[in-house]
Amino acid sequence: MIVGSGAAGGVMARELAVAGLTVVVLEQGPRIESAEFQHDEWRYKYNGELTWGARQGHPQTFRRTEDDTAERSDVLSYAHNVGGSSVHFAANYWRFREVDFRERSLVGPIEGADLADWPITYEELEPYYTHCGFCWGFGCEVGAKSSTLVAMIPQAEATGRCEIRTLSTVHRVETDDTGRATGVVYWDGEGVEHRQRARAVVLCANGAETPRLLLLSESSRFPDGLANSSGMVGRNLMFNTNTTAIGVFPEPLNEYKGIMATRVTMDFYETDPRRGFYGGGGIDARSTLGHLFFAMFEGLHPDEPSWGPEFKARMARTYTRHANFAGHGTSLPMERNNITLDPELRDAWGRPAIRVTYEDHPDDLALMRFLQARSMELLEAAGAQEVLTSPVGVSTVAAHFLGTCRMGDDPTASVVDRHHRSHDVPNLFICDGSSLVTSGRGQPTMTIQALAFRAGEHIAEFARRGEI
């Protein structure tokens with residue numbers, strides 16, 4: 001039984017089904033096929049049809065500290081559909097450049113090599129390279145992003161041993177008198193409750209939904225929530241830090257047409273004690289979220305009109321000539337930052353809403369200021385006529401939520417072991433962003449998937465040895 005079909009759940013389904021195990025995946029969202037995706041900014045970026053929130057029955061609350069009153073706010077942005085957020089993540093990859101097609105002519109023969117020019121030019125191939133530009137925040141109708149929807153789940157289903165049940169909202173993991181997981185309870189799309197028994201339960205629901213489900217699964221044996229003898233379920237929430245600096249250049253760059261991230265600088269990746277604070281990260285040059293986002297970005301000439309002919313002239317002048325340098329950095333784990341159950345607000349199914357408590361560490365804020373300053377320097381050195389920024393402030397929105405069921409060898413200080421097995425429940429496994437111990441530098445999806453491949457191997461081996 002796998003709960004969630006995203007970056008980790010899709011990989012897990014493929015690994016276990018290919019290994020010969022019978023798998024059921026419960027996904028609370030629908031299955032949207034590639035041909036159904038649209039280039040509709042309003043529908044996806046502002047109505048949130050791929051990242052559900054309060055209007056779809058998934059409200060959240062947010063507070064800075066546990067002394068504050070939590071207010072309704074969709075601070076966590078994630079998908080509810082087969083493939084999860086791997087459907088709409090940025091997923092950048094590179095093309096060859098002009099030089100690659102005519103190296104022999106440029107550098108001449110090289111001893112011991114058989115260097116040759118291509119029989120075609122970059123210009124001939126370029127039309128077949130071109131992306132549509134709707135990557136970040138959009139599903140891909142040609143399957144180019146290798147989401148688990150197109151790359152993993154079909155392989156799992158092809159084994160004949162994997163079933164995907166959509167519109168299935170899990171609200172409890174059940175256990176027996178010995179403390180072993182026996183399966184899950186969920187509602188189908190019509191609101192009918194079902195129980196699905198399983199030899200093992202694997203939670204891959206993400207770093208917010210997974211701890212909520214564990215807390216909802218409390219019992220007399222697990223009064224503080226399932227797998228929570230350490231008290232660490234929901235604790236140490238990490239977001240990753242982000243900054244923006246936009247440069248306006250004299251000539252068109254047409255960044256919006258390209259892949260999500262076109263250039264990445266890792267010079268500041270590691271912590272440098274000379275800076276006086278913990279943390280590091282990368283800076284990438286990326287397109288904006290689209291025309292609407294750019295138009296609504298208040299940091300662009302806040303004193304100028306946001307409607308009418310002057311506004312249109314500014315958009316015509318700056319949109320094709322801008323570059324966005326984004327800093328992505330570490331986020332320190334702190335027990336005070338957490339996912340808990342809201343005592344008052346309920347979702348569409350009557351479950352307590354997710355309550356987010358989060359405030360950046362001072363070092364996280366110092367890192368954001370540092371990466372933004374370096375971004376501004378890079379833009380100026382590149383010839384930007386104007387550099388615009390948003391003030392660095394505490395985080396109020398997140399796409400990465402990590403660390404809430406961390407892995408570790410000490411059962412008193414972690415939720416799962418090095419194989420993603422719960423310390424408390426031997427046939428319960430947790431593998432998603434919640435398993436991470438540190439936040440990385442801003443792009444956790446590949447690490448989450450690598451962990452899922454690794455965990456899938458171990459779970460399959462445990463099953464073969466009769467240890468589940």
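**Notes on the predicted model**

1. Start with the mixed sheet. Four strands form an open sheet in the order 4-3-15-14, with mixed pairing. Strand 4 (71-72) and strand 14 (338-346) are the edge strands, and each pairs on one side only. Keep in mind that this is a predicted model.

2. Look at one edge of that sheet. Strand 14 pairs with strand 15 (residues 352-357) in the antiparallel sense, over 5 bridges. To find the pairing on screen, use Leu341, which stands opposite Ile354 in strand 15. Then look for helix 7 (residues 209-216), which lies across strand 14 and strand 15. The angle between helix 7 and strand 14 is about 65 degrees.

3. Now take the antiparallel sheet. It is open and has 3 strands, in the order 6-7-8. Strand 6 (169-175) and strand 8 (193-197) stand at the edges. Each has a single partner strand, so one side of each is left without a neighbour in the sheet. On average, neighbouring strands here are turned by 25 degrees against each other, direction ignored.

4. Strand 6 and strand 7 deserve a closer look. Strand 7 covers residues 181-187, and 6 bridges join strand 6 to it in an antiparallel run. Two pairs help you trace the ladder. Thr169 has Trp187 as its bridge partner, and Thr175 has Ala181. The two strands form a hairpin with 5 residues between them. In the turn, Gly179 has a positive phi of about 90 degrees.

5. Which residues of helix 9 (residues 309-318) are buried? They are Phe311, Arg314, Met315 and Thr318. These four cover an arc of only 100 degrees around the axis, which puts them on the same side of helix 9. The spacing fits a general rule. An α-helix has 3.6 residues a turn, so residues three or four places apart point the same way.

6. Check both faces of helix 9. The face turned away from the buried side carries the exposed residues Pro309, Lys312 and Ala316. The cover over the buried residues includes strand 10 (241-248), helix 8 (291-296) and strand 13 (322-329).

7. Turn to the largest nonpolar core. It has 39 residues, and Ile2, Met12 and Cys162 touch the most other members. Helix 1 (7-18), strand 2 (23-26), helix 6 (153-158), strand 5 (162-165) and helix 11 (445-464) each supply at least two residues. Helix 11 gives the largest share, 8 residues. A general tendency is worth recalling here. In soluble globular proteins, nonpolar side chains tend to be buried together.

8. Another core lies apart from this one. It has 27 residues, among them Leu213, Ala227, Met232 and Ile430.

9. Follow Cys162 in detail. Is Cys162 buried or exposed? With 11% relative accessibility, Cys162 counts as buried. Leaving aside neighbours within four places in sequence, Cys162 is in contact with Ala13, Ala17, Val23, Val25, Ala156 and Glu157.

10. Last, the cysteines. How many disulfides does the model have? The count comes to 0. Cys162 is in no disulfide, and the nearest cysteine sulfur, that of Cys204, is 12 Å away. A disulfide needs two cysteine sulfur atoms within 2.5 Å. Cys140 is another buried cysteine, with a relative accessible area of 16%.

Conventions. Residues are numbered from 1 along each chain as its sequence is written. This is a predicted model: local features need pLDDT of at least 70, side-chain atom pairs count only at pLDDT 80 or more; totals for chains, interfaces and linings use all residues. Side-chain values use heavy atoms; hydrogens and water are left out. Two strands pair if DSSP finds at least two bridges between them. Axes are lines fitted to C-alpha atoms, for helices over the stretch in contact, and angles run from 0 to 180 degrees between N-to-C directions. Contact means heavy atoms within 4.5 Å. Buried means under 20% relative accessible area, exposed over 50%, partly exposed in between (1.4 Å probe, protein chains only). The arc is that of the directions from the helix axis to the C-beta atoms. A nonpolar core is a set of buried Ala, Val, Leu, Ile, Met, Phe, Trp, Tyr and Cys residues joined through side-chain atoms within 4.5 Å.
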